[in-house]
Structure formats: structure tokens, C-alpha cells
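Please open the model in your viewer and keep the sequence beside it, so that each selection can be found in both places. The tour goes from one selection to the next, and each stop says what to look for.

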Amino acid sequence: MDAVTAILEQLGVNSIAEMEVNESYTIEVDGYDDLTIEKVGEDRVSVGHYHISRGDLMSDPEVVFVVDTGEWKAVRYTQHPLVHKYDESGLELSNFVTVIRL
């Protein structure tokens, strides 16, 4: 996750290990949903876009990664209201995420 690492470095965070559990950063860019990066466990980072729908917080999407010695492995993908994928051995994100290069 080079993009997430680069964003964190711009915020002064040089590694996930430096972050405390529940520490988060929200990046706001006009015209896009906010991006939130949060350490949700000792070796887990959540990266997601969120919005409110009928009073509920919705993932649009959220991906949870296990970070081990610099390697990022996606283990959970949530796109509310219908998609939730979980595999502790790792998910192949290209099966349900389209990357658009600008």
C-alpha cells in the first residue's frame, strides 16, 4: 500500500508501528469522500471511505490490512450494504476492486 504509506509519511508517520491502536487520520479532498486511515489492532490498519446513510455509517469501501514487516495483506473488504469479504489468509482485491489511474 504505497499510497497509504506515502500519505502517512506526509503526515509525519514513518511506519504503522509508530501509531497507537485507534489512532486515525482523515484526509479531506474536495469532490471526494474523506479517506480515513486507522490502526485498529497491533498489526491491523483500516483504510476506508465512509458516508452516512439514513443515520448509519456506511463503508464505501473499507479494507482492513494485516501489516507484517512492511508487507500489507488485505484480510477484510466491506462495501455497504451488500459486500463483506473476509479471509485471514488474504484477499485478492483485484477480484472485486477496480483501480482507476488518473
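Begin by selecting aspartate 43, which in this predicted model has a relative accessibility of 34%. Because buried is reserved for values under 20% and exposed for values over 50%, aspartate 43 counts as partly exposed. Now add arginine 44 to the selection, and you will see a salt bridge with aspartate 43, in which the closest N and O atoms are 3.7 Å apart. Arginine 44 is also partly exposed, with a relative accessible area of 23%.

Keep arginine 44 selected and add glutamate 88, whose side chain meets that of arginine 44 in a salt bridge of 2.4 Å, taken from N to O. This pair links distant parts of the chain, since arginine 44 lies in strand E3 while glutamate 88 lies in the segment after strand E6 (83–86), 44 residues apart. Glutamate 88 is partly exposed, and its relative accessible area is 33%.

Next, select glutamate 62 together with arginine 76, whose side chains form a salt bridge of 3.0 Å, N to O. Here too the pair links distant parts of the chain, with glutamate 62 in strand E4 and arginine 76 in strand E5 (residues 71–79), 14 residues apart. Are these two residues buried or partly exposed? Glutamate 62 counts as buried at 11% relative accessibility, whereas arginine 76, at 27%, counts as partly exposed. Looking back at the earlier stops, you can select Asp43, Arg44 and Glu88 at once, as salt bridges that share partners join them into one network. A search of the whole structure finds 3 salt bridges.

The tour now turns to the strands. Select strand E1 (24–27) and strand E2 (35–41), which run antiparallel and are joined by 4 bridges. Within this pairing, serine 24 stands opposite glutamate 38 in E2. Stay with E2 for a moment and show its surroundings: 5 of its 7 residues are buried, so E2 is largely enclosed by the rest of the structure.

Add strand E3 (residues 44–53), which runs antiparallel to E2 and is joined to it by 6 bridges. To follow the pairing residue by residue, select isoleucine 37, whose bridge partner in E3 is valine 47, and then lysine 39, whose partner in E3 is valine 45. The connection between E2 and E3 is a hairpin that passes through 2 residues.

From E3, move on to strand E4 (residues 56–68), where the two strands pair in the antiparallel sense over 9 bridges. Select glycine 48 and look across to E4, where glutamate 62 stands opposite; you have already met glutamate 62 as a salt-bridge partner of arginine 76.

The next stops concern the backbone. Most residues other than glycine have a negative phi, and most peptide bonds are trans. Select arginine 54, in the loop between E3 and E4, where phi is near 55°, a positive value in a residue other than glycine. The hairpin of E3 and E4, to which this arginine 54 belongs, has 2 residues between the strands. Arginine 54 is exposed, with a relative accessible area of 84%. Then select threonine 69, which has a positive phi of about 45° although it is not a glycine, and which is placed in the loop between E4 and E5. Threonine 69 counts as exposed, at 74% relative accessibility.

For the peptide bonds, select aspartate 60 and proline 61, which are joined by a cis peptide bond with omega about -10°; proline 61 is found in strand E4. A cis peptide bond also joins histidine 80 and proline 81, with omega about 5°, and proline 81 is found in the loop between E5 and E6.

Finish at the surface. Which residues form a negative surface patch? Select Glu28, Asp30, Asp33 and Asp34, and you have the residues that form it. One of them, aspartate 33, is placed in the loop between E1 and E2, and at 37% relative accessibility it counts as partly exposed.

Methods: Residues numbered from 1 in each chain as written. Predicted model: local features only at pLDDT ≥ 70, side-chain atom pairs only at ≥ 80, totals over all residues. Heavy atoms only, no water. Patch = residues over 30% accessible without salt bridge, like charges linked within 9 Å, V, L, I, M, F, W, Y side chains within 5 Å. Areas by Shrake-Rupley, 256 points an atom, 1.4 Å probe, with all protein chains shown as cover. Salt bridge = Lys/Arg side-chain N within 4 Å of Asp/Glu carboxyl O. Lys, Arg positive; Asp, Glu negative; His and termini not counted. Charge placed at Lys NZ, Arg CZ, Asp CG, Glu CD. Buried < 20%, exposed > 50% of the residue type's maximum accessible area, 1.4 Å probe, protein only. Pairing = 2+ DSSP bridges.
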